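Visitor: I am new to this structure. Please pick one part and take me through it closely, from its partners in the sheet to what lies around it.

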Amino acid sequence: MTAVNNQNLLQLRFIQQAQIDAVKPSFNRLPDNPYADGAFRKRRYSVLKFANGEVALQPTKAFVQDDSINTFQGNVERVYENLEDALIHSEGFKHLLNEFKAMTGISDERDIEVHQFRMLAIESDTPPAPEGVHQDGFDHVCVCGVSHENIAGGELLVYEHKDAEPCFKMEIKDGLFALVNDREVWHNATPMNKLDATQTGYLDCFVFTA
């Protein structure tokens, strides 16, 4: 794949396990999701600023994507509970924000939108991204793997354009930080299946956008 305008299209790194372990417990307290993807995705959402090592929570707003971007639930105003205050101000979470800013080079004044997901494998081939191959309408989209339990699938897929075959595929391992240039490439994830049908299966991750 040829880089467009000499830009990085995909950056990868791994976060220290101690930082990941520090944020894991908060995923067990994610609330139910009342929207179309609620059967298989628990979720919180916040808009933040991060400067000089401090996090500033911005006013709560509805999350909405145009239906040209999200064909699954576009033009729907979705209001989610904020990330827990203890998580937002924890050193582990600040470390993740610091990594995101370092990789993107965004300014201190830039809003960072954070989605906290638990993606549940509830049936055969549960889609982590029900909208399919898509862009999110930002400059930068970063997936941070935090935990996974009793699942196969859920790998990150990256595409040169919407109708192409994937040019990159990688398991979203605990601690993986995968930053995608959302203006230049498209992304998706492979369906998830339980390894043991009698037990709960899930993938926990953050998605940072700016």
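Guide: Two strands pair if DSSP finds at least two bridges between them. That rule is needed for the part chosen here, strand E12, which covers residues 202-209.

A word on the model comes before the detail. The model is predicted, and the average pLDDT of the protein chain is 89, with 89% of the residues scoring at least 70. Residues 1-6 stay under a pLDDT of 50, and the model has nine contacts for them beyond four places in sequence. The protein chain has three helices and 12 strands. Of its 210 residues, 51% count as buried. Among contacts between residues at least 6 apart in sequence, 81% join residues at least 24 apart.

Now to E12 and its partners. Strand E4, residues 112-120, is joined to E12 by eight bridges, and the two run antiparallel. Strand E5 is also antiparallel to E12, again with eight bridges. Cys 205 of E12 appears in both pairings: it is the bridge partner of Phe 117, and it is also the bridge partner of Gly 145. One place earlier in E12, Asp 204 stands opposite Ser 147.

E5 leads on to a further strand. Five bridges join E5 to strand E9, residues 176-181, in an antiparallel arrangement. In that pairing, His 140 has Asn 181 of E9 as its bridge partner. E5 itself spans residues 140-149 and is mostly covered, with eight of its 10 residues buried. After E5 comes a loop that leads to strand E6 (151-153), and Asn 150 is placed in this loop. Asn 150 is not a glycine, yet its phi is positive, about 55 degrees. Its relative accessibility is 14%, so Asn 150 counts as buried. Another residue with a positive phi of about 55 degrees that is not a glycine is Asn 52. Asn 52 is found in the loop between strand E2 (41-51) and strand E3 (54-57). With a relative accessible area of 74%, Asn 52 is exposed.

Back in E12, the next matter is how far the strand is covered. Eight of its eight residues are buried, so the rest of the structure largely encloses it. In a regular strand the side chains alternate between the two faces of the sheet. In E12, one side holds Tyr 202, Asp 204, Phe 206 and Phe 208, and the other holds Leu 203, Cys 205, Val 207 and Thr 209; every one of these is buried, which leaves both faces covered.

The aromatic residues of E12 show some of what lies around it. At the start of the strand, Arg 118 lies over the face of Tyr 202, at 3.8 Å from the ring centre. Further along are Phe 206 and Phe 208, which belong to one aromatic cluster together with Phe 27, Phe 93, Phe 100 and Phe 177.

The structure holds six aromatic pairs. One of them is formed by Phe 93 and Phe 208, a tilted pair with 6.2 Å centre to centre and 35 degrees between the planes. This pair links distant parts of the chain, since Phe 93 is in helix H3 (residues 91-104) and Phe 208 is in E12, 115 residues apart. Both Phe 93 and Phe 208 are buried.

That pair brings in helix H3. The 14 residues of H3 should span 20 Å at 1.5 Å a residue, and the C-alpha atoms at its ends are 20 Å apart, which agrees. H3 is mostly covered, with 10 of its 14 residues buried. Among the buried ones are Phe 93, Leu 96, Leu 97, Phe 100 and Met 103, and also Lys 94 and Lys 101. Glu 99 is found in H3 as well. At 14% relative accessibility, Glu 99 falls under the 20% limit and therefore counts as buried. Leaving aside residues up to four places away in sequence, Glu 99 touches Arg 13, Ile 15 and Phe 177. Phe 177 is also a member of the aromatic cluster that includes Phe 206 and Phe 208. After H3 comes Gly 105, whose phi is positive, near 75 degrees.

To recap, E12 runs antiparallel to E4 and to E5, is buried on both faces, and is linked to H3 through Phe 208 and Phe 93.

Key:
Residues numbered from 1 in each chain as written. Predicted model: local features only at pLDDT ≥ 70, side-chain atom pairs only at ≥ 80, totals over all residues. Heavy atoms only, no water. pLDDT = per-residue confidence, 0-100. Contact = heavy atoms within 4.5 Å. Buried < 20%, exposed > 50% of the residue type's maximum accessible area, 1.4 Å probe, protein only. Helix = DSSP H or I, 4+ residues; strand = E, 2+ residues; numbered from the N terminus. Phe/Tyr/Trp six-rings, centres within 6.5 Å; stacked < 30°, edge-to-face > 60°. Lys NZ or Arg CZ within 6 Å of the ring centre and 35° of its normal. Expected span 1.5 Å × (residues − 1).
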